[in-house]
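User: Could you take a close look at the empty spaces inside this model for me? I'd like to know what lines them and how the surrounding parts are built.

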Amino acid sequence: QSRARQVLRRQLSTNAPAQTDKAAAALHFQRRQSERSLQNVSFIGRGDKQKRIFPLLLIPQTLSLPPISLNNTHERLIPQAQNRRLRASNGHKMPYAQNRMNAFFEIQEKRARLLPIEVVTLGYTLFTALLIFYFWPQMEAPWRLLMGRAMIVIALGGIWGLNYAAPCEATRILRNIFPLTILGYWYSDTYEFNRLFDNLDYIFAAADYDWFGSQPSLVFRQLLPGKGWSELFHFGYFSYFPMIVTTTLLPYFVKRDTFERYAFIIIASFFLYYVVFLFLPVAGPQYYFHAVGLDKIHAGIFPQLHDYFRYHTELHAVGCPEGLFQDLVELTQSSGERPTAAFPSSHVGISTLLMIILFKTHRKTAWAFLPVYLLLCCSTVYIEAHYLVDVFGGLISGVLFYVITNKIYTLINTHKIQSL
């Protein structure tokens, strides 16, 4: 056995293994594979230290890549990803799902900086908190609104602390996803501010009547009655929510380096719409038509309601046939809908922005969502959630907000890099 080990060592020190010894050839092949897997990796330390750690692999001292930082134990000089490739080359293959799971919870370098999505969320929170103090005498239960903001800040801080204590991919994703989960709160919160101003629905209803000669939302449903059409358009309207989820998460799986950028664009665009809704009190046909009466609407009479919706938040049914998606839409509206946020249509604007992201991320998914997007735009008028002018406002603002938020993200990231 001692003689055999000496022969193997002598053969491994040469470039060509002995053709007659299969065991020596296999060991030589493994050595060559290991060297290839490590060619693009540089190490900290001098040659003697490397020889002590890798007695059979003499790593070159001058490699193109910068040195890799050592962890606290100073024991592992090879990155975990290279380790996995090395084990795979030696025949120890790990299942793909296990590889992904390990990478998902792999501990990374600690970073205390806020993410761009957290910066914009805290900025909107602070802005609306200042508005609460400004309108304090007119606000209803301002302390409750401030407490809601305090809870959001605490939650953001808690998730940031979790990521700082356990800096891995999973906790960083949580930091990007959490602001999107509280959009429902911010949407209904806009009503607390725009209820302080006189309602402007009479202007937008009159614009629809002057430009199109009728009320498109009423005519549209009369042209396409029946349960089939109703379910189709309610399906389009309800698809808004899975469309947001899909577009937010898809970049993580297909273009991971764009995940945080697109998550920021989506949340920042929502906040831009909410800033408009804070000061533009337009409730939409679903509220306004039933408040003034359909006979006046058909006659082209659009009275001003002043502060009517400050005290009336009842959502009236539009008379569509019952069905699965009609019930789902009614369920979502009953849980958070308020007489607010009609112009411009954030449904149309955000979905337009989502389609831009999908076409930049994964074209096949974008083409699959295109019919749903068109249905969604039409459904906002069909179910009387918006005036037709709201739809045009959403189309224009969606493209505009994408450009603005994309540039803001670039500016924030550039500032963060320069300040490192």
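Analyst: Here is a walk through the pocket, the cavities and two of the helices.

Some housekeeping: this is a predicted model, where local features need pLDDT of at least 70, side-chain atom pairs count only at pLDDT 80 or more, and totals for chains, interfaces and linings use all residues. Residues are numbered from 1 along each chain as its sequence is written, and side-chain values use heavy atoms, with hydrogens and water left out.

The protein chain has 22 helices and 0 strands; these are DSSP runs numbered from the N terminus, H or I with at least four residues for helices and E with at least two for strands. Of its 420 residues, 44% count as buried, meaning under 20% relative accessible area, with exposed over 50% and partly exposed in between (1.4 Å probe, protein chains only).

Now the spaces. On a 1 Å grid over the protein atoms alone, a cavity is a set of points where a 1.4 Å probe fits but cannot get out, while a pocket is an open set with protein on both sides within 12 Å along at least five of seven lines; lining residues have an atom within 4 Å of a point. Grid points are joined across faces, edges and corners, and a volume is the space filled by probe spheres set on the points.

The largest pocket has a volume of about 610 Å³. Its lining counts 22 residues, and Leu183, Gly184, Tyr240, Phe241 and Ile244 lie nearest the centre. Helices α8 (169-181), α9 (183-189), α14 (240-254), α15 (259-279), α19 (324-336) and α20 (346-361) each bring at least two lining residues, and α14 gives the most, with 6. By class, that lining splits into 12 nonpolar, 9 polar and 1 charged (Ala, Val, Leu, Ile, Met, Phe, Trp, Tyr, Cys and Pro count as nonpolar, Asp, Glu, Lys and Arg as charged, and the others, Gly among them, as polar).

Two of those helices deserve a stop. In α15, 16 of the 21 residues are buried, so the rest of the structure largely encloses this helix. From first C-alpha to last, α15 reaches 32 Å, close to the 30 Å expected at 1.5 Å a residue (1.5 Å times one less than the number of residues).

As for α19, its buried residues are Gln326, Val329, Gln333 and Gly336. Seen down the axis of α19, they fall within an arc of 120°, so they line one face of the helix; the arc is that of the directions from the helix axis to the C-beta atoms. On the other side of α19, Leu324, Leu331, Ser334 and Ser335 are exposed. The buried residues pack against α9, α13 (227-238) and α16 (285-292), a contact being heavy atoms within 4.5 Å.

Then the closed spaces: there are 2 cavities of 30 Å³ or more. The largest cavity holds about 110 Å³ and has 15 lining residues, with Tyr187, Tyr237, Glu337, Ala385 and His386 nearest its centre. Both α16 and α20 supply at least two residues of that lining, which has 7 nonpolar, 6 polar and 2 charged residues.

The second largest cavity holds about 60 Å³. Among the residues lining it are Tyr191, Asn194, His306, Asp307 and Tyr308. Elements giving two or more residues here are α10 (191-194) and α18 (308-311), and α18 has the largest share, 3 residues. This lining divides into 6 nonpolar, 3 polar and 3 charged.
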